[in-house]
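Reader: I should be grateful for a close look at the surface of this model, beginning with its nonpolar part and going on to the helices around which the rest can be described.

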Amino acid sequence: MYTTGQLAQKCNVSIRTIQYYDRRGLLHAKRTENGLRHYNDQDLKQLQEILIYKQLGFNLKDIQQIINDTDNNTLKSLIVNQRRKIKQEIKDASEQLASLSQLETFLNKHSDFPGNISQSIFDKIKKTKKLKQLRIKLLLIGISIDFILWGSVLYFLFYQGNLIWLLLGILITVALTWYITINYYHHTCYICPHCSHQFKVSFSNWLFARHTPNTRYLTCNKCHQKNYCIEEYYYLKCQFKLEKR
């Protein structure tokens, strides 16, 4: 038999914790004639199980159901739910870490940005991430285009293939090239470095404008200054309306 203090010492918990579990019905102490609580080896084993379930993230209500269940069906169901919950927490934490890294990068590049963190900063971070994802997606399609084009040309030259397959390869590459060009145009807009106005331009102006990896040489439709404007991700269903030049 164990007193409350002895049981607490064996399991490295506080006496109040054992008393609380006893009040919740998770432990069942035997009372002596003078009212002291005593616990047996079965109580010790049950307390150890409770502490394990606590480490796994189960709350006391779940643990109570697990203890009362004799065929482990409740435990199996709770394991599935707990695994799903932890995976979501990991995903949320990963997104927070990515946002922190992007925020740090943004602040390093824009040291004159206001010190107060506002929603606009996080909007910019989200757009930066979306633009990066878009570029990676289109890059992968571009690599596929190269494989299709050169594959069809080599097949025709070295294996004396049918001309139809060469023409089909060229047609597919032209279609995919047009797709990634249009897709990139529709999902990008630009910020004027002179007046900070956000705008879009016509497809022809966009297509033939000089550009760098992150800017394009365009004329702002607000201040009419021509500069290398910063490229930004554009939501097709965004609430504000951008003027086209």
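Author: In this predicted model, a nonpolar patch on the surface is formed by I148, W150, L154, Y155, L157, F158, Y159, W165, L168, L171 and I172. Together these residues have about 1200 Å² of accessible area. Two helices, α6 (119-158) and α7 (163-186), each supply at least two residues of the patch. The greatest contribution comes from α6, which gives six residues.

One member of the patch, I148, may be taken singly. I148 belongs to helix α6, and its relative accessible area of 30% makes this residue partly exposed.

The account now turns from the patch to helix α2. This helix spans residues 15-24, and within it I18, Y21 and D22 are buried. Viewed down the axis of α2, the buried residues fall within an arc of 105°, and therefore they line one face of the helix. On the face turned away from that buried side, α2 carries the exposed residues R16 and R23. The cover over the buried residues of α2 includes several elements: helix α1 (4-11), strand β3 (37-39), helix α3 (41-55) and helix α4 (60-68). Just after α2, G25 adopts a positive phi of about 85°.

Two of the covering helices, α3 and α4, each contain a residue that merits separate comment.

In α3, the residue is D43. D43 is buried, yet it has no salt bridge. The nearest side chain of opposite charge is that of K30, at 4.0 Å from D43. K30 is also among the residues that D43 touches, together with L27 and H28, when residues up to four places away in sequence are not counted.

In α4, the residue is N68. With a relative accessibility of 54%, N68 counts as exposed, whereas D43 in α3 is buried. The C-alpha atom of N68 is separated by 9.4 Å from that of L26, and the two residues are 42 residues apart along the chain.

To draw these parts together: the nonpolar patch draws on α6 and α7, with α6 giving the most. Helix α2 has its buried residues along one face and the exposed residues R16 and R23 on the face turned away from them. Its buried residues are covered by elements including α3 and α4; D43 is found in α3 and N68 in α4.

Conventions. Residues are numbered from 1 along each chain as its sequence is written. This is a predicted model: local features need pLDDT of at least 70, side-chain atom pairs count only at pLDDT 80 or more; totals for chains, interfaces and linings use all residues. Side-chain values use heavy atoms; hydrogens and water are left out. Buried means under 20% relative accessible area, exposed over 50%, partly exposed in between (1.4 Å probe, protein chains only). Helices (H or I, at least four residues) and strands (E, at least two) are DSSP runs, numbered from the N terminus. The arc is that of the directions from the helix axis to the C-beta atoms. Contact means heavy atoms within 4.5 Å. Patches are made of residues with over 30% relative accessible area and no salt bridge: like charges are joined within 9 Å, nonpolar side chains (Val, Leu, Ile, Met, Phe, Trp, Tyr) within 5 Å. Accessible areas come from the Shrake-Rupley method with a 1.4 Å probe; for residues, only the protein chains shown count as cover. Lys and Arg count as positive and Asp and Glu as negative; His and the chain ends are not counted.
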